[in-house]
Amino acid sequence: MLFARLCAAPLLGLTALFLTALLATSALARDDGRYANSPLKPWFESLHSEFGQCCTDADGYIIADVDWESDRGRFRVRIDDEWVVVPDGAVITVPNKIGRTMVWKHYIDGHPRVRCFMPGSMT
């Protein structure tokens, strides 16, 4: 299930209460200018995979720990109640500054595909 839509959201510095409320709803968190001064904005904009920049054509979503898994170095993620294998080239390898698992998706023939995937800490 999708808990939040993120692209350039500055999750560091949010209070625990706000983060809990954000995760409990499907609140839209697109960059509408309110994150212009966020210290994480350039970092989010720099994220890319072999398929291109993550935030260019797709929105990022926080994924709950129960909606992704790793098996022998391969990742799978549940998007729209469908388990999708994450292509190796979609995995973001830079340090995860927000600590949460995120996926940037797109659709082919009505099925979700992963453009970028950033694993979290699973804690």
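This passage describes side-chain contacts and selected backbone features in a predicted model.

Side chains of opposite charge can pair when their charged atoms come close. Across the whole structure, a search returns six salt bridges, and three of these pairs are described here, beginning with Lys41 and Glu45. The side chains of Lys41 and Glu45 form a salt bridge with an N to O distance of 3.0 Å. Both residues belong to helix α2, which spans residues 41–46, and a separation of four residues places them about one turn of the helix apart. The two partners differ in their exposure class: Lys41 counts as buried because its relative accessibility is 16%, below the 20% limit for that class, whereas Glu45 is partly exposed, with a relative accessible area of 41%.

A second salt bridge joins the side chains of Asp67 and Arg78, at 2.7 Å from N to O. This pair links distant parts of the chain, since Asp67 is placed in the loop between β5 and β6 while Arg78 belongs to strand β7 (residues 74–79), 11 residues apart. Asp67 is buried, its relative accessible area being 4%. Arg78, with a relative accessible area of 25%, is partly exposed. The two side chains are also joined by a polar contact of 2.7 Å.

Strand β7 takes part in a further charged pair. The side chains of Arg74 and Asp88 meet in a salt bridge of 3.3 Å, N to O. Arg74 is located in strand β7 and Asp88 in the loop between β8 (82–85) and β9 (102–108), so this salt bridge ties together parts that are 14 residues apart in sequence. Arg74 is classed as partly exposed because its relative accessibility is 39%. Asp88 has a relative accessible area of 54% and is therefore exposed, the threshold for that class being over 50%.

The loop between β5 and β6 also holds a second aspartate of interest. Asp65 is found in this loop, which runs between β5 (60–62) and β6 (68–71). With a relative accessibility of 29%, Asp65 counts as partly exposed, in contrast to Asp67, which counts as buried at 4%. A polar contact of 3.4 Å joins the side chain of Asp65 to that of Trp68. In addition, Asp65 and Val77 are separated by 12 residues in sequence, and their C-alpha atoms are 9.5 Å apart in space.

Aromatic side chains were examined next. A pair of aromatic rings is described by the distance of the centres and the angle of the planes. The search of the whole structure yields four aromatic pairs. In one of them, the rings of Trp43 and Phe44 have centres 4.9 Å apart and planes at 75°, so the arrangement is edge-to-face. Trp43 and Phe44 are both buried. Phe75 and Phe117 form another aromatic pair, with 5.0 Å between the centres and 45° between the planes, and this pair is tilted. Phe75 lies in strand β7 and Phe117 in strand β10 (residues 111–118), so the contact ties together parts that are 42 residues apart in sequence. Phe75 and Phe117 are likewise both buried. Ring pairs further link Trp68, Phe75 and Phe117 into a cluster; Trp68 is thus named both in this cluster and in the polar contact with Asp65.

A contact between a charge and a ring is also present. The charged end of Lys105 sits over the ring of Tyr61, at 4.7 Å from the ring centre.

Two loop residues show a positive phi angle. Arg72, a residue other than glycine, has a phi near 55°, and its position is in the loop between β6 and β7. Arg72 counts as exposed because its relative accessibility reaches 77%. Asp81, which is also not a glycine, has a positive phi of about 65° and is situated in the loop between β7 and β8. At a relative accessibility of 73%, Asp81 counts as exposed.

Note on methods. Residues are numbered from 1 along each chain as its sequence is written. This is a predicted model: local features need pLDDT of at least 70, side-chain atom pairs count only at pLDDT 80 or more; totals for chains, interfaces and linings use all residues. Side-chain values use heavy atoms; hydrogens and water are left out. Buried means under 20% relative accessible area, exposed over 50%, partly exposed in between (1.4 Å probe, protein chains only). A polar contact is a pair of N or O atoms within 3.5 Å; within protein, one must be able to donate a hydrogen and the other to accept it, and residues adjacent in sequence count only if both atoms are side-chain atoms. A salt bridge is a side-chain nitrogen of Lys or Arg within 4 Å of a carboxyl oxygen of Asp or Glu. Rings of Phe, Tyr and Trp (its six-membered ring) pair if their centres lie within 6.5 Å; planes under 30 degrees apart count as stacked, over 60 as edge-to-face and the rest as tilted. A charge sits over a ring if NZ of Lys or CZ of Arg is within 6 Å of the ring centre and within 35 degrees of the ring normal.
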